[in-house]
Amino acid sequence: MAAITTEVAIIGAGPSGSIAAYQLATAGLGVVLLDRAKFPRDKPCGGGVTVRCERILPFSIDPVIEDVITGADIRIRNESSVLQSSGSVLTYMTQRSRFDAFLADKAQEAGANFRDSEQVTDILSRSGDGFRVHTRSGTEIRAQVLLGADGANGITGNRLGFDSHSAGAVALEGNVYFPDGVPREFEHKVILNFGYLTQGYGWIFPKSDHINIGVGGSRSSGGKRLKAAMNKLAEIYGIAYDSITEIKGHHLPMRHHDSAISIDGAALLGDAAGLVDPLSGEGIFAALRSGMAVAPIVEQYLASEVDSLTGYQLELQKELIPEIETSEALMQIFHTYPRPFVWMLQHVGLFWIGAIELIRGDSTYLDLTNKFGKLGRSLLMPAAWLGKIISARRRN
Ligand SMILES: Cc1cc2nc3c(=O)[nH]c(=O)nc-3n(C[C@H](O)[C@H](O)[C@H](O)COP(=O)(O)OP(=O)(O)OC[C@H]3O[C@@H](n4cnc5c(N)ncnc54)[C@H](O)[C@@H]3O)c2cc1C
């Protein structure tokens with residue numbers, strides 16, 4: 001068996017793994033970045049990259065931006081739609097095949113040893129001063145630090161005994177190509193449609209030569225309901241269902257409260273740690289944020305300044321994890337009866353401005369709940385709990 005010895009092995013070259021690899025290689029550490037897929041590879045995703053992602057990245061992502069979004073067309077089912085403008089950039093659109101390959105290239109340029117088509121089949125528990133990772137091609141990677149960035153269905157969490165997440169939501173997405181260019185009615189805006197799925201929504205996101213159409217909802221939605229909702233969405237916006245290609249389903253992980261995502265020499269990043277925003281389904285920001293947060297702690301660990309990576313989890317507990325927990329509570333409230341919230345998004349200027357600030361990352365969910373004062377904050381969790389019960393009853 002061929003063997004490679006390195007300081008850090010990262011399993012998965014999605015946004016979380018590649019940005020961690022970039023940061024660590026830039027700091028001069030030996031990094032092996034493994035992905036089972038041959039790159040460039042696609043990943044079921046709407047490809048919406050928010051302004052806050054761009055803000056935290058140490059380089060520009062302009063080369064892989066395909067549309068700049070400045071408005072949202074919001075509707076409930078097939079009722080009349082309202083187009084809201086954001087007055088500035090609301091979010092960017094990319095294709096994951098391009099975005100992820102771009103990030104992996106950046107990691108490689110920084111000095112990481114990126115090995116695609118290299119599926120990890122086994123992780124041997126700590127031996128001596130590190131981990132031994134086996135791949136399908138018969139290579140053994142020996143590393144002092146192991147980062148699991150292998151997504152919602154990855155094996156790292158399970159092999160290392162973490163219990164970080166379970167399937168929180170399911171989604172279906174596909175593409176419609178326009179050889180003569182994306183029609184004007186889809187350009188520069190996101191289409192958001194509510195009401196066809198429990199705890200979810202439908203979307204249409206524009207790219208340079210196609211649109212991405214998708215639906216996502218609670219995991220009880222199941223394949224049949226997702227397909228029916230996608231059909232409805234296509235019908236409402238004048239898209240022939242047969243013209244949707246590359247249809248893929250996937251689940252979005254939901255973090256288990258209080259679960260550990262780091263131990264002495266190992267940590268989970270991004271989806272592998274269940275770090276998705278439950279209300280919006282946005283996961284790229286948390287993937288990038290976690291990859292960037294872990295890097296300085298790994299440096300300290302390898303320099304024997306700390307004896308575990310728990311500082312990484314503590315860093316995320318300052319903001320990202322409370323944000324995800326608040327988002328989950330808001331999601332339960334919003335989706336119990338979305339109509340008044342959607343109406344406010346459509347018609348109440350201040351509510352829409354608040355939503356823009358949240359999406360752009362100019363404010364946080366915690367800022368939002370703080371606006372309702374102490375009483376509002378203390379009612380949040382009971383209201384979410386009530387919402388959860390009502391939604392479960394409705395589903396049954
Ligand atoms: C339908 C859908 C739409 C979405 N839309 C958006 C959106 O518009 N905006 C947004 O911000 N988020 C969106 N998300 C969420 C987002 O896609 C994820 O949160 C994000 O991809 C997480 O990044 P990651 O790096 O943690 O994992 P991933 O991007 O999933 O990367 C994991 C990588 O690990 C590799 N891997 C897995 N197992 C192994 C193994 N055994 N060995 C080697 N490699 C392995 C995989 O090949 C993959 O490349 C969406 C999700 C879904 C399902």
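In which helix is the place of Glu325? In this predicted model, Glu325 belongs to helix 8 (residues 320–336), where helices are DSSP runs of H or I with at least four residues, strands are DSSP runs of E with at least two, and both are numbered from the N terminus. Residue numbers start from 1 along each chain as its sequence is written. Because the model is predicted, local features need pLDDT of at least 70 and side-chain atom pairs count only at pLDDT 80 or more, whereas totals for chains, interfaces and linings use all residues.

Glu325 is partly exposed, since 19 other C-beta atoms lie within 10 Å; a residue is termed buried with 20 or more other C-beta atoms within 10 Å of its own, exposed with 12 or fewer, and partly exposed in between, C-beta atoms being placed from the backbone. The C-alpha atoms of Glu325 and Arg255 lie 8.7 Å apart, although 70 residues separate the two in sequence. Leu350, located in helix 10 (residues 349–360), is exposed because it has 8 other C-beta atoms within 10 Å. Between the C-alpha atoms of Leu350 and Arg360, which are 10 residues apart along the chain, the separation is 15 Å.

The protein is assigned domain 1 (2–45 + 96–164 + 258–318), domain 2 (63–95 + 168–254) and domain 3 (325–395), with bounds that come from an automatic or database domain assignment. The centres of domain 1 and domain 3, taken over C-alpha atoms, are 32 Å apart. The ligand lies between domain 1 and domain 2, because both give residues to the shell around it.

The ligand is surrounded by 41 residues, of which Gly12, Gly14, Gly151, Gly270 and Gly283 come nearest; a residue is near a molecule or strand if its C-beta atom, placed from the backbone, lies within 6 Å of it. At least two residues of this shell are supplied by each of helix 1 (15–26), strand 12 (165–177), strand 15 (210–218), strand 16 (245–255) and helix 6 (284–302). The shell comprises 18 nonpolar, 16 polar and 7 charged residues, with Ala, Val, Leu, Ile, Met, Phe, Trp, Tyr, Cys and Pro counted as nonpolar, Asp, Glu, Lys and Arg as charged, and the others, Gly among them, as polar.

Strand pairing was examined next. Two strands pair if DSSP finds at least two bridges between them. An open sheet of 7 strands follows the order 6-5-13-14-15-12-16 and has mixed pairing. At its edges stand strand 6 (82–85) and strand 16, each with a single partner strand, so one side of each has no neighbour in the sheet. Neighbouring strands of this sheet are turned against each other by 20 degrees on average, direction ignored; axes are lines fitted to C-alpha atoms, for helices over the stretch in contact, and angles run from 0 to 180 degrees between N-to-C directions. Helix 9 (residues 339–347) packs on the sheet, where it touches strand 5 (71–76), strand 6 and strand 13, and its direction makes about 145 degrees with that of strand 5; contact requires C-beta atoms, placed from the backbone, within 7 Å. Within the sheet, strand 13 (residues 189–194) and strand 14 (residues 201–206) run antiparallel and are joined by 4 bridges, with Tyr201 of strand 14 as the bridge partner of Phe194.

Strand 11 (residues 139–148) is mostly covered, with 7 of its 10 residues buried. Parallel pairing links strand 11 to strand 1 (residues 2–11) over 9 bridges; Ala2 stands opposite Thr139, and Ile11 opposite Gly148. Strand 17 (residues 266–268) likewise runs parallel to strand 11, through 3 bridges, and Ala266 of strand 17 faces Leu146. By contrast, strand 10 (residues 130–135) pairs with strand 11 in the antiparallel sense over 4 bridges, His134 having Glu140 as its bridge partner. These two strands, 10 and 11, form a hairpin with 3 residues between them, and Gly138 in the turn has a positive phi of about 90 degrees. Strand 1 also pairs in the parallel sense with strand 2 (residues 31–34), over 4 bridges, and Val8 stands opposite Val31 of strand 2.

An open sheet of 3 strands, in the order 3-7-4, shows antiparallel pairing. Strand 3 (48–50) and strand 4 (67–69) are its edge strands, each pairing on one side only. From one strand to the next, the twist averages 30 degrees. Strand 3 and strand 7 (residues 91–93) are joined by 3 bridges, and Gly48 stands opposite Met93 in strand 7.

Definitions and conventions
Contact = placed C-beta atoms within 7 Å.
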